[in-house]
Amino acid sequence: MKHKKQKLVYLAAASHSGSTMTAMLLGAHPDLCSVGELKAINLGDESSYLCSCKTLAKDCSFWKGVTDKMETKGHDFCISNAGTDIRTGATPYMHRLLRPLVRDPFMEFVRDSLLILSPIWRKQLPLLQKRNADYVRSIAEQAGVETVVDSSKIGIRLKYLLRNPDLDIKVIWVVRDGRGVSLAYKDPSEFADAKDPKFRGGGAGKTPEHSRGIGVGAEEWVRCNQETEALLATMSKESWMQVHYEDICNDTEKTLNKLFEFIGVDPSLKRLDFKTVEHHVVGNGMRLDDSEVIKLDDRWKALLSESELVTYHQITGEYHNSLGYTE
């Protein structure tokens with residue numbers, strides 16, 4: 001008997017745009033489950049990597065349950081090496097083709113035409129699609145929900161998930177002021193990881209991401225959001241919605257109501273005490289913070305210098321305004 005399509009909500013965003021907080025707010029709803037980034041790469045040392053329940057991910061009962069369910073579906077699975085990234089097992093040729101961000105339909109046709117020349121890609125893609133669908137389904141079964149939230153963010157993953165015949169996908173495009181994003185690129189340890197230093201890097205006590213500067217942050221903010229726009233152009237308008245990080249922080253209840261209505265669950269069951277709810281999230285170190293205070297982080301206003309702001313605006317140009325930021 002053919003499986004019913006598994007429901008998945010995908011958060012598309014530039015890095016450091018508030019997707020972790022958004023995913024945890026969504027995952028606090030009793031009809032949804034969020035475990036963070038389902039691409040699950042670079043989790044670090046499994047002997048120190050913590051689930052958001054504060055136990056080692058490898059010892060967490062939730063993840064043990066997911067592992068068991070994956071095994072019943074024929075997969076050798078471990079959360080520290082999930083094997084769900086689209087580039088898993090890629091050859092150097094495949095890596096070169098999968099590295100560029102998603103572009104217009106013609107460029108994606110070229111990418112696909114070159115990838116199909118690889119016999120490894122032709123063999124591997126259906127296996128990766130099945131593994132990803134079974135992974136989402138296993139999480140849903142373990143959590144006892146119909147819909148799972150994936151905060152993996154990146155466009156190339158979303159491109160192929162949209163082609164997965166076993167998944168029913170809705171996309172939430174999370175947009176944050178690029179100046180806040182760029183500040184996080186400048187100092188990810190301070191602005192994009194757990195507040196408690198011992199929880200940084202998933203419990204290793206050190207942020208794995210290094211400073212890359214305001215210019216790099218601005219460039220990636222533009223390209224990642226443009227990548228999302230390119231993908232959304234291929235979808236029906238009913239299948240995606242845009243939300244601003246600032247609205248989530250400043251008008252939380254109203255914004256969550258809109259998100260839950262879009263997803264198709266009862267908004268009245270939302271939980272603002274989202275850290276109190278049991279959750280098993282991997283990814284950004286902020287998931288390990290205990291605070292449930294939803295507060296706009298606009299420290300860029302005080303901490304970016306005049307010259308850094310000039311650099312930012314030179315790179316982002318009119319695109320900054322086009323996403324709703326006119327200040």
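A cavity is a set of points on a 1 Å grid where a 1.4 Å probe fits but cannot get out. Its volume is the space filled by probe spheres set on those points. The model in every view is predicted.

**Overview: 14 helices and five strands.** The protein has 327 residues, and 53% of them count as buried. Take the contacts between residues at least 6 apart in sequence: 79% of these join residues at least 24 apart.

**Close-up of the largest cavity, about 50 Å³ of space.** Two cavities of 30 Å³ or more turn up in a search of the whole structure. Rolling a probe the size of a water molecule over the atoms shows where empty space is left. The lining of the largest cavity counts 10 residues. Nearest its centre lie Thr20, Gly36, Ser151, Val281 and Val282. Which element gives the most to this lining? Helix H1 does, with three residues.

**Close-up of helix H1, residues 19–27, a mostly covered helix.** Nine of the nine residues of H1 are buried. The run starts with Ser19, Thr20, Met21 and Thr22. Ala23, Met24, Leu25, Leu26 and Gly27 complete the buried set. What covers the buried residues of H1? Among the strands, the cover includes S1, S2, S3 (147–153) and S4. Helices H10 (245–250) and H11 are also part of the cover.

**Close-up of the open sheet, five strands in parallel pairing.** Read across the sheet, the order is S2-S3-S1-S4-S5. Strand S2 (32–34) and strand S5 (240–244) are the edges, each pairing on one side only. From one strand to the next, the twist averages 25 degrees.

**Close-up of S4 and S5, with helix H9 across them.** S4 and S5 run parallel and are joined by five bridges. Where is the bridge partner of valine 171? The partner is tryptophan 240, in S5. Helix H9 (residues 213–232) lies across S4, S5 and strand S1 (6–13). H9 runs at about 145 degrees to S4.

**Close-up of lysine 258 in helix H11.** Lysine 258 counts as partly exposed because its relative accessibility is 46%, and partly exposed runs between the 20% and 50% limits. In sequence, lysine 258 and valine 243 are 15 residues apart. In space, their C-alpha atoms are 9.3 Å apart.

**Close-up of a salt bridge between neighbours, lysine 58 and aspartate 59.** Side chains of opposite charge can pair when their charged atoms come close. Here the N to O distance is 3.6 Å. Are these two partners buried or exposed, or partly exposed? Lysine 58 is partly exposed, at 39% relative accessible area. Aspartate 59 is partly exposed too, at 40%. In the protein, the count comes to 19 salt bridges.

**Close-up of a salt bridge between lysine 73 and glutamate 141.** The closest N and O atoms are 2.9 Å apart. This pair links distant parts of the chain, 68 residues apart. Lysine 73 sits in the loop between helix H2 (61–72) and helix H3 (92–98). Glutamate 141 belongs to helix H5 (residues 119–143). Lysine 73 is partly exposed, with a relative accessible area of 22%. Glutamate 141 is partly exposed at 40% relative accessibility.

**Close-up of a salt bridge between arginine 176 and aspartate 297.** The N to O distance is 4.0 Å. How many residues apart are the partners? They are 121 residues apart and link distant parts of the chain. Arginine 176 lies in the loop between strand S4 (167–175) and helix H7 (178–186). Aspartate 297 lies in the loop between helix H11 (252–263) and helix H12 (300–303). Why do both partners count as buried? The limit is under 20% relative accessible area. Arginine 176 is buried because its relative accessibility is 7%. Aspartate 297 is buried because its relative accessible area is 18%.

**Close-up of a salt-bridge network.** Glu108, Arg111, Asp112, Lys159 and Arg163 form one network, joined by salt bridges that share partners.

Notes: Residues are numbered from 1 along each chain as its sequence is written. This is a predicted model: local features need pLDDT of at least 70, side-chain atom pairs count only at pLDDT 80 or more; totals for chains, interfaces and linings use all residues. Side-chain values use heavy atoms; hydrogens and water are left out. A salt bridge is a side-chain nitrogen of Lys or Arg within 4 Å of a carboxyl oxygen of Asp or Glu. Buried means under 20% relative accessible area, exposed over 50%, partly exposed in between (1.4 Å probe, protein chains only). Helices (H or I, at least four residues) and strands (E, at least two) are DSSP runs, numbered from the N terminus. Two strands pair if DSSP finds at least two bridges between them. Axes are lines fitted to C-alpha atoms, for helices over the stretch in contact, and angles run from 0 to 180 degrees between N-to-C directions. Contact means heavy atoms within 4.5 Å. On a 1 Å grid over the protein atoms alone, a cavity is a set of points where a 1.4 Å probe fits but cannot get out, and a pocket is an open set with protein on both sides within 12 Å along at least five of seven lines; lining residues have an atom within 4 Å of a point.
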